[in-house]
Amino acid sequence: MKVRRAASWIQIWKELIFQAVCLLILMASLIALVALLADVYADGFSRLSWDFVTGFPSRFPHRAGILPALLGTIYIMLLTVLLAFPVGVGAAIYFEEYASVEHTRFSQLVEINIANLAAVPSIIYGLLGLAIFVRMLSLGQSLLAGALTLALLVLPVIIIASREALRAVPASLREASFALGATRWQTIRRQVLPLAFPGILTGTILALSRAIGETAPLITIGALTYVAFIPEGLFSPFTVLPIQIFNWISRPQAEFHANAAAAIGVLLPLLFLMNGGAIWLRNRFQKRLR
Amino acid sequence: MRAHTREKWIQTAFFACAVLSIFTTVGIVAVLIFETVTFFSEVSLVDFLTDREWTPLFADKHFGILPLLSGTLLVTLISMLVALPCGLLTSLYLSEYAPEAVRKIIKPLLEVLAGIPTVVYGYFALLFVTPLLQNIIPIHLAGFNSLSPGIVMGMMILPLVTSLSEDAMRAVPMSLREAGFALGSNRLQVSFKVVIPAAFSGISASFILAVSRAIGETMIVAIAAGQQPRLTMNPLVPVETMTAYIVQVSLGDTPAGTLEYKTIFVVGMALFVSTLVLNVLSHRLRKRFREVYR
């Protein structure tokens, strides 16, 4: 009897220790997150000012600003969404509304392909962009080449998210529409898309919030690290915030590191805003479908 | 009739969008193969696989991939030592122990952790973690090393492992757990002897995907691990990974068509093939656990 009881006490202790370890790990990862944010803002806070946001890069760290990089980021995001959104949603519509009816072997193949594309390292997309857009189509290291590269990068993510949103629309709605004599396209445009749209939008924003922080593919296509002018057209050279940050980190002087921290201090709120917007949309959407 | 042709056109347009994704893959493979083939017409494959030095940018050129490979594996190994055990335990905790309220707080926070750009993690590794470790570790730790980016990368990958593993554990039917409890097991025993074995293929899928992510990760290592390809397993000295090498060459202006230019595609090919194999494997495993518990 006694032995058994001892054993069960050991079991209880094991349980407690295990839970404590798990909680400790969770706490540690959250503390790391807090440390990261605190470190960035502590280093960069003194540099954050309106002049910093509207200034141009400079050899003198205290005079440098991020305007070209910030505008570059905004322009390239707008272009990327213009390129990737219609194609991504179109592909998703094909898979959910057309291919699922025909269910060919080909569409299965494409499906596996997209799942794989979503997991390809982003720097590989940079190599693709370098060879195809920069060299073969000789777009040079332009905004357009960068946007095309990023568009290919986010395309699989947009397709996957849009398909999920389309799948969430009940089949009964489609059947009702068909029964009233609507064609497939009329059904999609008037019934399915309006309902799926918030979900598609959420997925797209999340995909873009990933793209906005992407550095490697744009460095690979040769985006400049020092741009002292605002990009003025599709074929203009450009830089983006993450590249500007990378450039400042790679310099030895601590003053430039402070600039990098301050630029991160601008990039992160932008990103959290996008994520927050996406989550807000998702919550609203879920309530409406119920 | 006109409505019918219109419908056909619309369907064709959507089909074209869907096919574009195929072209991306074909494009990647074609570009990598083209440059790789021309590269190997100038450098022998044996040298590439066995030479212990990688110095394409020096006057005395050596094209041995081993140092880049070892750098990549070293950082990946360190990050996995952080991400896999921590990820497994946190997912187990979230799926088997945590009250709903705790889950609701922790999951979004993990999502935030996953959403932070890698260049920011790079900053953190170089300017926070490395100085911190230099103060803690009594042996000399170089300013660029593989230890600190490895740890930070593990932190970055942790949410991926946690969420995928947790999905796999939640897919384990309640009846299996109840059977365990009915036999007198406690929660810990059920977790380790029922849930983990039952969710094994899903958990291993998440692990494999994590390795693939670590191999392809670029900015953290480009910033904090250094740019010195070196065949070593010492985590305290600068190394260079495959991805960091591509960044290094891209930052300089290497003219197209030169051997140096081709090296980034060859390294890209090695990267693509290794991550593709892992991704396909992970995809297969995940599909398997979905089939078992439907």
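Helices here are DSSP runs of H or I with at least four residues, numbered from the N terminus. With that settled, let's look at how chains A and B meet in this predicted model, and at the spaces left in it.

**The interface**

The two chains share a lot of ground: 72 residues of chain A are in contact with 70 residues of chain B. The size of an interface is often given as the accessible area lost when the parts come together. For chain A and chain B that comes to about 6,500 Å², with 79% of it on carbon and sulfur atoms. On the chain A side, helix α1 (residues 2-44) gives the most to the surface that touches chain B, namely 19 residues. Sorted by class, that side of chain A has 51 nonpolar, 13 polar and eight charged residues.

What about salt bridges across the interface of chain A and chain B? The rule finds zero. Polar contacts do turn up, though: eleven residue pairs between chain A and chain B make one, counting pairs with both residues at pLDDT 80 or more.

**The spaces**

Rolling a probe the size of a water molecule over the atoms shows where empty space is left. Two of these spaces are set side by side here.

| Space | Volume | Largest share of lining | Lining by class |
|---|---|---|---|
| Second largest pocket | about 360 Å³ | α5(B), five residues | ten nonpolar, eight polar, one charged |
| Largest cavity | about 30 Å³ | α6(A), four residues | six nonpolar, two polar, no charged |

Start with the second largest pocket, which holds about 360 Å³ of space. Of its 19 lining residues, those closest to the centre are Ser250(A), Leu126(B), Phe144(B), Ala222(B) and Ile223(B). Three helices each supply at least two residues of this lining: α10 (241-249) of chain A, plus α5 (118-136) and α10 (219-224) of chain B. Among them, α5(B) provides the largest share, with five residues.

Then there's the cavity. The structure holds one of 30 Å³ or more. Which residues line the largest cavity? From chain A come Leu117(A), Tyr125(A), Leu152(A), Leu155(A), Pro156(A) and Ile159(A), while Ser21(B) and Thr24(B) come from chain B. The elements giving two or more residues to this lining are α6 (143-167) of chain A and α1 (2-40) of chain B. Helix α6(A) has the largest share, four residues. No charged residue lines this cavity, whereas the lining of the second largest pocket includes one.

Definitions and conventions:
Residues numbered from 1 in each chain as written. Chains lettered and ligands numbered in written order. Predicted model: local features only at pLDDT ≥ 70, side-chain atom pairs only at ≥ 80, totals over all residues. Heavy atoms only, no water. Contact = heavy atoms within 4.5 Å. Buried area = accessible area lost by both parts, 1.4 Å probe. Salt bridge = Lys/Arg side-chain N within 4 Å of Asp/Glu carboxyl O. Polar contact = N/O pair within 3.5 Å; in protein donor to acceptor, adjacent residues only side chain to side chain. Nonpolar A, V, L, I, M, F, W, Y, C, P; charged D, E, K, R; others polar. 1 Å grid on protein atoms, 1.4 Å probe; cavity = no way out; pocket = protein on both sides within 12 Å on 5 of 7 lines; lining within 4 Å. Points joined across faces, edges and corners; volume = space filled by probe spheres on them.
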